[in-house]
Amino acid sequence: VLNTNLKAYVSRDNGTTYTQATLTGKGSYSGTTEIATAHDLDISGQPAGTSMRWKVETLVQSAVLVTRINGVSLGWS
């Protein structure tokens, strides 16, 4: 479940302060790999900085619920 079992965060001050992104499902790749995105995250409340970092959390893992992260991209303007 996005934003519950899988969470993503962005920081612009080298990981001191993080803001949670709202993940949105964008479908499936090859039938088994789900694609999630987050856009237009407002990080203006964080201290000024340009040392961008991302963090992904996987929660509620078990023998039958395994989350694998295959790739992450961070872009800003």
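**Figure 1. The whole chain, strand by strand.** A strand is a DSSP run of E with at least two residues, a helix is a run of H or I with at least four, and both are numbered from the N terminus. With that in hand, the protein reads β-β-β-β-β along its sequence: it has five strands and zero helices. This is a predicted model, where local features need pLDDT of at least 70, side-chain atom pairs count only at pLDDT 80 or more, and totals for chains, interfaces and linings use all residues. Residues are numbered from 1 along each chain as its sequence is written, and side-chain values use heavy atoms, with hydrogens and water left out. The C-alpha trace spans about 40 × 25 × 15 Å along its principal axes. Of the 77 residues in the protein, 17% count as buried (under 20% relative accessible area; exposed is over 50%, and partly exposed is in between, with a 1.4 Å probe and protein chains only).

**Figure 2. A look into the largest pocket.** Here you're peering into about 1300 Å³ of space, a volume being what probe spheres set on the grid points fill, with points joined across faces, edges and corners. A pocket is an open set of points on a 1 Å grid over the protein atoms alone where a 1.4 Å probe fits, with protein on both sides within 12 Å along at least five of seven lines; lining residues have an atom within 4 Å of a point. The largest pocket has 41 lining residues, and Ala-8, Leu-23, Ala-36, Thr-37 and Ala-38 lie nearest its centre. Strand 1 (6–11), strand 4 (33–37) and strand 5 (53–58) are the elements that each give two or more residues to this lining. Sort the lining by type and you get 22 nonpolar, 14 polar and five charged residues (Ala, Val, Leu, Ile, Met, Phe, Trp, Tyr, Cys and Pro are nonpolar, Asp, Glu, Lys and Arg are charged, and the others, Gly among them, are polar).

**Figure 3. Two asparagines with a positive phi.** Most residues other than glycine have a negative phi. Asn-3 goes the other way, with a positive phi of about 70 degrees. You'll find Asn-3 in the segment before strand 1, and its relative accessible area of 25% makes it partly exposed. Asn-14 also has a positive phi, near 65 degrees. Asn-14 sits in the loop between strand 1 and strand 2, and it's partly exposed at 45% relative accessible area.

**Figure 4. Thr-22, in a loop.** Follow the chain from strand 2 (19–21) towards strand 3 (24–29), and the loop between them holds Thr-22. Is Thr-22 buried or exposed? Thr-22 counts as exposed because its relative accessible area is 57%. Now jump 37 residues along the chain to Leu-59: the C-alpha atoms of Thr-22 and Leu-59 are 16 Å apart.

**Figure 5. Leu-41 and Thr-67.** Leu-41 belongs to the loop between strand 4 and strand 5, while Thr-67 lies in the segment after strand 5. Leu-41 has 30% relative accessibility, so it counts as partly exposed. Thr-67 has 29%, so it counts as partly exposed too. These two are 26 residues apart along the chain, and 23 Å separates their C-alpha atoms. Thr-67 can also be paired with Glu-57: they're 10 residues apart in sequence and 9.9 Å apart in space, C-alpha to C-alpha.

**Figure 6. Leu-65, after strand 5.** What comes after strand 5? The segment there includes Leu-65. With a relative accessible area of 32%, Leu-65 is partly exposed.
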